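Biologist: I'm new to this one, so could you walk me through it? Let's have it in front of us before we start.

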Amino acid sequence: MILTGFLKTVQLTFFGLIMGLILGILLAIGDLYGGKIISTIIKFYVEFFRGSPIIIQLFIFYFSVPIMLNIRLGSTIVGFIVFALNSAAYQKGYIKGAMESVYKDQMTAALSLGLSKVQAIMYVVLPQAMRIMIPGWSNEFSSLGKSTAAILIIGERDLTAIGRTIAFRTFRFLETYAFIALIYFIFISIVLKILDIIYEKIKIPTIEISA
Amino acid sequence: MGEQKKEAVGTPGGRRIADIILECRNLWKIYGKIVAVKDVSLEVKEGDIKLIFGPSGSGKSTLARCLAMLTTPTKGDVFLMGECLTKPGVDLNKARAKIGFVFQHIWLFHHLSALGNIELGLRRVLKLPKNEAREQAIQALKEVKMEEWANHFPAQLSGGQQQRVGIARALAMSPEIIILDEPTSALDPELTGEVIDTLRDLAKKGTTMLVISHEMPFAREVADEMIFLDEGMIVERGQPELFFTKPSSERARRFMARLIKLTRRE
Amino acid sequence: MGKQYQIIVDVYEKIFRGIPELVLILFIYFGVGLGLGFPPFKHAFTAATFALGLRSGAHQSQIFRGAIRGIGEEQMMAARSLGLSRLQAIFRVMVPQTFIIATPGLGSEYSLLVKDSSYAFIIGVPDIMFWTNRVIATPPLDPVFPYFAAAFLYILLTFPLATYLDMWGSRKKKQLGLQEGEG
């Protein structure tokens, strides 16, 4: 039972992170090159998802949006949507920052070789931005992984929800929640370690390494 | 490399008017209220080495960037091999590929090795296959005597080495002309020598160049014409000897005197 | 400081980076408060506050450490070279700079904390979320407007102050040429 809950948590986390990355790149590019109107819309989007608690976002997509659009959404779908959109709002910030830090000089240099703007973004700006971004990405992973726990309020059976059920059934609150906490901790720590290793591997070499 | 280039220039299309490679006519660049380039006209013929110099803030860099169409001029026209680059609808990427540019602050791509920096343009712009791009990139590195450092990343190289890679990056595209925007001024004095040597080699091979520089001994040795720019305008132009012996304008005379004094002190 | 102290701080930070706020709140309220019967945590509000405080402490420790590292040994040495005592150097030189560097980080930590406080409603603390649900439940309302209103209320609580702190801190840092250090 705990395993299924854990898998649900893992699923939500990784789906949110990866969709968030794709959306985040689009948002960052839109914000940087899209002109005033697009960048204002993006600003509102980001402020909504970063400024309000994840619980409200879950409620809105579980209760409000279906009524407004006259559709039905299951709790798992809502989870995927909310965590992807929420993570995109955060990741956009990291990506934009990273892109800005490599943007100007490198772009000019790329253009001087005859690369088009799109090519310059693809081959020069983004590859560097992604490398710079990994530490930010680690932060986003751990905060997203943790916030998936909130999904129990719309009835999804994730790790925390299952833990709560077990706790109420056995009345061993202390042990059960400690155990659940430990699972989260191990999961998040392992992935962070892996990201760390990747970062060290693909980090752009500097003098220290060659010396 | 020099011979290779001559061939490239002599491709179909027949004789061009006096083989002018790059030309600008009545070029202006205005930023808000600041006039950076004021009505400049000049032309670079095949095999020419033009040297632009002048006090800081005189619009040299802006002029260079306008010529490479990295900045759009406010007024006036730029021609590459007789083709106007300032009218709408021109494929600027294609034009920029034919104009090599070396930056003052080098601007190698941090995430690519020396070789990778050079391969990028060859593969993505000239669309060469992988092994051919590699071959040409190595060739370009040899030209600047950096082949041993091919797999080093920019941050692992000294400033002078980085700039030589920067030159190789521009050179590898077999451009019609190379524009060098103060290639040595961001380097420590002891590192400028190697870069100047590289430029001297290029000059010997007949590479068409437009150099912004204050390296006066180098200028005297290789430049066909020197152009003194001040406040965005061409104040005086002529053969190097003119500037070193009797510049006719007061401004050029004073600036030369200061430069020569500085060089001596070093 | 001593090595052992460093290890304790490190473990503390790492633990709270890896455990969801919600699980922490549940653990403290149900586990320690109701399960173990530790009196203060039997009260939902106290338990939630304590849990969020612990988590925030871990974050803020990182923020301040980065700030202090950014100032570096040089400032300390310069201060000591004038004859200031260690304590004087800390309070006159290090602390003021630390707070300037830390301000943007503290701004975002504040907004994080406001948002995380919404978890408390799950253990029955009568916060914004609690009252929103109460409004929707009696008499039954469409759950559209109240949730958006609640979201707006949270944004109102977080956005202006966090943005102001970020702008003030960033400007000040730039003016003074200060920077965070690694870690």
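Biologist: In what order do the strands of the open sheet in chain B run?

Modeller: Happy to help, and do keep in mind that this is a predicted model. The open sheet of chain B has four strands, paired in the antiparallel sense. Their order is 2-1-4-5.

Biologist: Which strands of chain B stand at the edges of that sheet?

Modeller: An edge strand has a single partner strand, so one of its sides is left without a neighbour in the sheet. Strand 1 (residues 20-31) of chain B, by contrast, pairs with strand 4 (residues 75-80) of chain B over five bridges. The edges belong to strand 2 (34-45) and strand 5 (83-84) of chain B.

Biologist: Which residue in strand 4 of chain B is the bridge partner of Cys24(B)?

Modeller: Strand 1 and strand 4 of chain B pair in the antiparallel sense. In strand 4, the partner of Cys24(B) is Val78(B).

Biologist: How is helix 4 of chain B placed against helix 5 of chain B?

Modeller: Helix 4 (residues 114-124) and helix 5 (residues 130-143) of chain B pack with their axes 9 Å apart, at an angle of about 125°. Because of that angle, helix 4 of chain B counts as oblique to helix 5 of chain B.

Biologist: Which helix of chain C gives the largest share of the side that touches chain A?

Modeller: In this contact, 34 residues of chain C meet 31 residues of chain A. Helix 1 (3-18), helix 2 (21-35), helix 4 (86-116) and helix 6 (145-176) of chain C each give two or more residues to that side. The largest share, 10 residues, comes from helix 2 of chain C.

Conventions
Residues are numbered from 1 along each chain as its sequence is written. Chains are lettered from A and ligands numbered from 1 in the order in which they are written. This is a predicted model: local features need pLDDT of at least 70, side-chain atom pairs count only at pLDDT 80 or more; totals for chains, interfaces and linings use all residues. Axes are lines fitted to C-alpha atoms, for helices over the stretch in contact, and angles run from 0 to 180 degrees between N-to-C directions. Angles under 35 degrees count as roughly parallel, over 145 as roughly antiparallel, 65 to 115 as roughly perpendicular and the rest as oblique. Two residues are in contact if their C-beta atoms, placed from the backbone, lie within 7 Å. Two strands pair if DSSP finds at least two bridges between them.
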